[in-house]
Amino acid sequence: MTEETPGFDEQQQPQQPDVPASSDDTEPTAAATPSSEEGAAQVGDAGQNAALVAQLDQARTALNERTADLQRLQAEYQNYRRRVERDRVAVKEAAVANILGELLPVVDDIGRARDHGELVGGFKSVAESLEGTLAKMGLQQFGKEGEPFDPTIHEALMHSYAPDVTETTCVAILQPGYRIGERTIRPARVAVAEPQPGAQPAKQAEEQQAEAEDDKETGGPEEG
């Protein structure tokens with residue numbers, strides 16, 4: 001009976017060669033296919049861009065609306081300022097016109113005193129100072145003899161006919177009129193004359209008389 005040498009089988013057994021792993025069994029690398037996380041990120045960026053564009057459009061619309069509102073308010077304010085200024089000027093003119101209207105009887109007395117030669121001494125100085133002050137306030141006198149009658153600024157107190165007028169004419173100023181700017185404080189009170197019914201105007205009569213004299217000089221009108 002022989003003794004077995006321990007470990008003989010292990011030493012005599014041939015070693016198995018290492019077999020390389022098949023290429024089919026290898027796992028695909030991360031760079032070969034895109035991951036689902038990158039796709040989700042791209043989708044998220046596109047949605048965020050669309051939301052930003054929508055917000056920008058809304059902001060532009062709101063800006064246009066606010067700009068239109070501001071322009072409308074500015075136009076209304078400018079109209080309000082012009083209306084207030086116009087009303088202020090009108091109120092001022094009305095107040096001045098009322099004051100001057102109350103002083104017109106005094107002005108009439110000064111005019112009558114001047115016509116009668118009574119405007120002398122200290123009274124003359126006071127009267128001239130008052131007239132100068134009224135002129136600075138814009139008081140203007142109007143109404144002259146010989147001007148055509150205008151019912152908007154004249155008040156006819158006397159009426160007559162005259163052969164030497166071709167239209168209704170102011171032949172006498174009984175009381176002068178006064179205005180301030182375009183506002184008439186008092187119309188001029190006048191005496192008017194109209195052409196006589198059936199009478200030829202003076203200018204036409206003069207022309208006919210001149211023609212008659214020419215005919216006499218030439219031996220009368222030529223006969224056909």
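This report covers the fold, three buried strand residues and the main pocket of one chain.

## Overall layout

The model is predicted. The chain holds 4 helices and 6 strands. Read from the N terminus, the order is α-α-α-β-β-β-β-β-β-α. Buried residues account for 12% of the 224 residues. The accessible surface is about 18100 Å². Carbon and sulfur atoms contribute 52% of that surface. Among contacts with a separation of 6 or more, 65% link residues 24 or more positions apart.

## The hairpin

Strand 4 spans residues 177-180, and strand 5 spans residues 183-186. The two pair in the antiparallel sense, over 3 bridges. One of the bridge pairs joins Ile-180 to Arg-183 in strand 5. Together the strands form a hairpin with 2 residues between them. Gly-181 sits in the turn and has a positive phi of about 65 degrees.

## Three buried residues

The table sets out three residues, each with its strand, its relative accessible area and a polar contact made by its side chain.

| Residue | Strand | Relative accessible area | Polar contact |
|---|---|---|---|
| His-154 | strand 2 | 5% | Glu-147 side chain, 2.8 Å |
| Thr-169 | strand 3 | 11% | Glu-167 backbone oxygen, 2.8 Å |
| Arg-186 | strand 5 | 10% | Pro-176 backbone oxygen, 2.8 Å |

Take His-154 first. This residue lies in strand 2, residues 154-162. His-154 counts as buried because its relative accessible area is 5%, under the 20% cut-off. Its side chain meets that of Glu-147 in a polar contact of 2.8 Å. Beyond its neighbours within four places in sequence, His-154 is in contact with Glu-147, Pro-148, Phe-149, Cys-170, Pro-187, Ala-188 and Val-190.

Next comes Thr-169, in strand 3. Its relative accessibility is 11%, so Thr-169 is buried. A polar atom of the Thr-169 side chain lies 2.8 Å from the backbone oxygen of Glu-167. Which residues does Thr-169 touch, not counting those up to four places away in sequence? They are Gly-146, Glu-147, Phe-149, Ala-191, Val-192 and Ala-193. Phe-149 is 20 residues from Thr-169 in sequence, yet the C-alpha to C-alpha distance is 5.1 Å. Glu-147 and Phe-149 are among the contacts of both Thr-169 and His-154.

Arg-186 belongs to strand 5, the second partner in the hairpin. Its relative accessibility is 10%, so Arg-186 is buried. The Arg-186 side chain places a polar atom 2.8 Å from the backbone oxygen of Pro-176. Setting aside neighbours within four places in sequence, Arg-186 is in contact with Leu-104, Asp-108, Phe-142, Gln-175, Pro-176, Gly-177 and Tyr-178.

## The largest pocket

The largest pocket has a volume of about 220 Å³. Its lining consists of Val-107, Asp-108, Gly-111, Arg-112, Arg-114, Asp-115, Glu-131, Gln-141, Leu-174, Gln-175, Pro-176 and Tyr-178. Which element gives the most to this lining? Helix 2 does, with 6 residues. Helix 2 (36-115) and strand 3 (169-175) each supply at least two lining residues.

The pocket also connects with the account of Arg-186. Asp-108, Gln-175, Pro-176 and Tyr-178 are among the lining residues, and Arg-186 is in contact with each of these. Pro-176, one of the lining residues, also offers its backbone oxygen to the Arg-186 side chain at 2.8 Å.

Definitions and conventions
Residues are numbered from 1 along each chain as its sequence is written. This is a predicted model: local features need pLDDT of at least 70, side-chain atom pairs count only at pLDDT 80 or more; totals for chains, interfaces and linings use all residues. Side-chain values use heavy atoms; hydrogens and water are left out. Buried means under 20% relative accessible area, exposed over 50%, partly exposed in between (1.4 Å probe, protein chains only). Contact means heavy atoms within 4.5 Å. Accessible areas come from the Shrake-Rupley method with a 1.4 Å probe; for residues, only the protein chains shown count as cover. Two strands pair if DSSP finds at least two bridges between them. A polar contact is a pair of N or O atoms within 3.5 Å; within protein, one must be able to donate a hydrogen and the other to accept it, and residues adjacent in sequence count only if both atoms are side-chain atoms. On a 1 Å grid over the protein atoms alone, a cavity is a set of points where a 1.4 Å probe fits but cannot get out, and a pocket is an open set with protein on both sides within 12 Å along at least five of seven lines; lining residues have an atom within 4 Å of a point. Grid points are joined across faces, edges and corners, and a volume is the space filled by probe spheres set on the points.
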